[in-house]
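Let us walk through a protein model step by step, beginning with its interior and then turning to single helices, strands and loops. Keep the structure in view while reading, and look up each residue as it is named.

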Amino acid sequence: MPATTPDYEFHVHDVQSLNEDQELRPESVLRAKWTRSAYGAGSFELLIPRADLNLESAEDHHLIEINRNEQIEFVGVIEKRTIDPLGKFWTLSGPDLTSWWLNSRVVGAITGEDRSGNAEDVIVAYMRAHLGVDASFDRQAETWLGDITFQIPTSSRRGTSIVVAAQRRPLFDVVMEAAQSGDILPYVALFPNYSGYYLGIDVPRDATLTGGGVPFSVDWNNVEALAFTEDYTQYKNYIYVMGDGSGDARNYTEVEDAASVATHFRREGVTDARDANSDALRTALGTLELLKRNNALVAVQATPFRGAANSVYREDWDVGWYVTFSESALRSSSVDVQVAAASVELTRGQGERITFELGQQRATSQLRRIEDAIRQLRVAANA
């Protein structure tokens with residue numbers, strides 16, 4: 001049975017009240033494209049005939065809500081409007097809701113604001129300090145939202161322990177760094193009854209082969225237009241970790257991946273770690289660098305076959321999930337990677353096209369132990 005295009009709806013809301021100002025008829029949206037990202041900034045773009053758009057409801061700082069089969073699929077904020085040279089079509093574009101809200105605040109604008117601890121604790125603390133109840137009155141989100149709320153829940157203490165340094169940095173960058181280090185997925189969303197915004201935090205789902213999932217791309221049986229990259233151009237397996245000190249007197253530690261050296265020859269590199277004031281910390285940092293370089297070797301971009309096994313978007317795979325990529329014609333062994341981003345494109349008369357990017361290899365338990373050890377050493381060094 002051929003796959004059918006899901007039902008889509010497009011709504012325009014006021015960002016302060018969340019009142020609906022206009023519903024765009026699906027036939028009025030000539031083309032729509034949006035990207036959801038696990039840790040980056042998502043974005044959208046809509047092409048609409050000028051006659052079909054109420055300009056007052058599509059001004060700067062209005063929301064575009066895209067529903068897919070009666071579920072919220074994407075929410076973005078209009079920040080750019082462009083008319084074509086003949087004045088017939090508007091192009092509306094902007095960031096996703098999460099990056100819009102979090103990029104509205106700066107962390108450590110006057111003095112540094114470093115935090116350490118459980119990843120979810122750290123993220124909730126930053127959010128409360130810059131958009132929530134711990135912020136000054138004029139920096140609290142609810143100050144500017146009238147009768148609706150911006151809820152930041154208490155932490156459930158998910159994710160690993162982390163250390164984040166933040167001075168004069170966007171809140172978005174700080175939160176996403178903490179999320180990626182702690183392996184959790186924060187986002188800003190709308191309450192279903194449009195009573196306000198809330199901070200949500202998910203844990204990546206394990207849809208790998210060992211987690212009970214079905215691997216992608218075995219003999220190309222569930223993807224098409226596959227782009228595969230295995231990149232050793234920046235690969236190193238022997239690291240000189242330059243620690244504290246200055247000039248020729250800097251302390252350093254040499255760290256190697258002996259198995260890789262035997263297979264790929266000795267490939268030296270240098271990493272700058274000026275705050276590493278012990279051999280243990282420098283060794284941990286060097287080991288982490290080697291593991292991360294190994295994890296960054298494989299990148300995949302593909303379009304799943306519609307209706308094929310484990311190809312259903314948001315059911316069998318989604319942004320932030322860990323999945324298995326296995327293709328013997330391209331790589332001798334399978335690899336578990338995270339779905340870094342997903343893009344959806346709708347074109348009137350052609351239906352839906354979805355692509356995904358597999359970018360971040362799943363961290364091994366060894367990498368996690370090393371990261372935790374580094375964080376603990378750094379906390380002890382700064383105590």
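This is a predicted model, and a good place to enter it is the largest nonpolar core, which has 80 residues, of which Trp101, Met127, Phe150 and Tyr197 touch the most other members. The largest share of this core, seven residues, is supplied by helix 3, which covers residues 171-182. Apart from the largest core lies another one of eight residues, including Ile239, Leu281, Leu285 and Leu290. A general tendency is worth remembering here: in soluble globular proteins, nonpolar side chains tend to be buried together.

With these cores in mind, we can consider the chain as a whole. The protein chain has 383 residues, of which 46% count as buried, and its secondary structure is made up of six helices and 24 strands. Among the contacts in the chain with a separation of 6 or more, 67% are between residues that are 24 or more positions apart. The accessible surface of the chain comes to about 18700 Å², and carbon and sulfur atoms account for 47% of that surface.

Helix 2, residues 119-130, lets us check a simple piece of geometry. At 1.5 Å a residue, its twelve residues should span 16 Å, and because the C-alpha atoms at its ends are 17 Å apart, the model agrees with the expectation. How many of the twelve residues of helix 2 are buried? Nine of them are, so the helix is largely enclosed by the rest of the structure. The buried residues include Val122, Ile123 and Val124, and also Glu120 and His130. Met127, one of the residues that touch the most other members of the largest core, is among the buried residues of this helix as well. At the start of helix 2, a side-chain oxygen of asparagine 118 comes to within 3.0 Å of the backbone nitrogen of glutamate 120.

Helix 1, residues 97-102, holds threonine 98. With a relative accessible area of 9%, threonine 98 is buried, since a residue counts as buried when this value is under 20%. Leaving aside neighbours within four places in sequence, threonine 98 is in contact with Phe172, Met176, Tyr187 and Val188.

The loops also contain buried residues. Serine 28, in the loop between strand 2 (20-24) and strand 3 (31-37), has a relative accessible area of 2% and is therefore buried. Its side chain is joined to that of aspartate 52 by a polar contact of 2.9 Å, and, when residues up to four places away in sequence are not counted, serine 28 touches Leu47, Ile48 and Pro49 as well as Asp52. Threonine 208, in the loop between strand 16 (206-207) and strand 17 (223-230), is buried with a relative accessible area of 0%. The side chain of threonine 208 makes a polar contact of 2.5 Å with the side chain of aspartate 206. Threonine 208 also shows how the fold brings distant parts of the sequence together, for valine 323 is 115 residues away in sequence, yet the two C-alpha atoms are 4.1 Å apart in space.

Some residues draw attention through their backbone angles. Most residues other than glycine have a negative phi. Glutamate 70, however, has a positive phi near 70 degrees; this residue is in the loop between strand 5 (62-68) and strand 6 (71-77), and at 73% relative accessibility it counts as exposed. Aspartate 183, in the loop between helix 3 and strand 14 (185-190), has a positive phi near 60 degrees, but at 15% relative accessibility this residue counts as buried.

The strands complete the tour. Strand 7 (residues 80-83) and strand 8 (residues 89-95) pair in the antiparallel sense over four bridges, and the bridge partner of arginine 81 in strand 8 is leucine 92. Five residues lie between the strands of this hairpin, where glycine 87 takes a positive phi near 70 degrees.

Strand 18 (residues 238-242) pairs in the antiparallel sense with strand 19 (residues 252-256) over five bridges, while another five bridges join strand 18 to strand 20 (residues 268-272), which runs parallel to it. Which residues stand opposite valine 241 in strand 19 and strand 20? In strand 19 the residue opposite valine 241 is threonine 253, and in strand 20 its bridge partner is threonine 271.

Terms used: Residues numbered from 1 in each chain as written. Heavy atoms only, no water. Core = buried A, V, L, I, M, F, W, Y, C linked by side-chain atoms within 4.5 Å. Buried < 20%, exposed > 50% of the residue type's maximum accessible area, 1.4 Å probe, protein only. Helix = DSSP H or I, 4+ residues; strand = E, 2+ residues; numbered from the N terminus. Polar contact = N/O pair within 3.5 Å; in protein donor to acceptor, adjacent residues only side chain to side chain. Contact = heavy atoms within 4.5 Å. Areas by Shrake-Rupley, 256 points an atom, 1.4 Å probe, with all protein chains shown as cover. Expected span 1.5 Å × (residues − 1). Pairing = 2+ DSSP bridges.
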